[in-house]
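Dear colleague,

Please find the structure below, handed over for your consideration. My notes on its pockets and nonpolar cores follow.

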Amino acid sequence: QGKMVESGGGSVQAGGSLRLSCAASGLTYSATFMGWFRQSPGKEREGVASISSGGRTYYADSVRGRFTISQDSAKNTVYLQMNDLKPEDTAMYSCASTRGFTSLGPWLLRRETYIDWGQGTQVTVSS
C-alpha cells in the first residue's frame with residue numbers, strides 16, 4: 001500500500017504564503033494524477049488541485065490564481081504553493097494519488113477518484 005507524507009503546514013497571517021510538500025512512496029501502481037484536498041471542521045473534504053504525471057494541472061475555482069501545484073518526479077514529491085492566503089483557507093490539507101485517469105476534468109477534485117491518502121498537514125490562516 002502506498003504511503004503519502006505531507007509537510008509544510010503551519011500558521012500564517014492573511015496575505016501570507018506557505019508551501020506544502022507531499023512525498024509518495026510504496027505505490028504499487030504508476031500514479032496518473034496526484035491531488036491536494038482540504039477539510040475544515042464541519043465541512044466536506046474539498047478538492048483543491050491536481051497534477052498529472054505529465055504536469056497538466058487542474059484547480060478549484062476558489063484557489064485558481066493563488067495556489068500552484070507542481071511536482072518533482074525524481075523525488076516522488078508533489079508541492080502546493082499557496083499565496084495570498086485567506087482565513088477561509090484554514091483546513092487540514094491532504095494529498096492523494098490515483099491511476100487510470102488520463103484527462104483533465106472535475107472528477108480530479110472528487111475524493112472518490114483517489115486511491116491512496118496521506119494523514120494531512122494543518123494550515124491555519126489568521127485575519
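**Pockets and cores**

By class, eight nonpolar, nine polar and one charged residues make up the lining of the largest pocket. Please note that the model is a predicted one.

This largest pocket has a volume of about 240 Å³. Its lining comprises 18 residues, and Ala31, Met34, Gln71, Ser73 and Asn76 are those nearest the centre. Two or more lining residues come from each of strand S3 (18–25), strand S4 (33–39), strand S5 (46–52), strand S7 (67–72) and strand S8 (77–82).

The second largest pocket holds about 150 Å³ of space. It is lined by 13 residues, with Arg38, Lys43, Glu46, Glu88 and Asp89 lying nearest its centre. Its lining divides into one nonpolar, four polar and eight charged residues.

Turning to the interior, the largest nonpolar core has 26 residues, of which Trp36, Val48, Phe67, Ile69, Leu80, Met82 and Tyr93 touch the most other members. The elements that give two or more residues to this core are S3, S4, S5, S7, S8, strand S9 (91–98) and strand S11 (121–126). With four residues, S3 gives the most.

Leaving aside residues up to four places away in sequence, Val48 touches Trp36, Phe37, Arg38, Tyr58, Tyr59, Ala60, Val63, Phe67, Leu80, Tyr93 and Leu109. There is also a second, separate core of five residues, including Phe33, Phe37, Leu108 and Tyr114.

With kind regards

Definitions and conventions. Residues numbered from 1 in each chain as written. Predicted model: local features only at pLDDT ≥ 70, side-chain atom pairs only at ≥ 80, totals over all residues. Heavy atoms only, no water. 1 Å grid on protein atoms, 1.4 Å probe; cavity = no way out; pocket = protein on both sides within 12 Å on 5 of 7 lines; lining within 4 Å. Points joined across faces, edges and corners; volume = space filled by probe spheres on them. Nonpolar A, V, L, I, M, F, W, Y, C, P; charged D, E, K, R; others polar. Core = buried A, V, L, I, M, F, W, Y, C linked by side-chain atoms within 4.5 Å. Buried < 20%, exposed > 50% of the residue type's maximum accessible area, 1.4 Å probe, protein only. Contact = heavy atoms within 4.5 Å.
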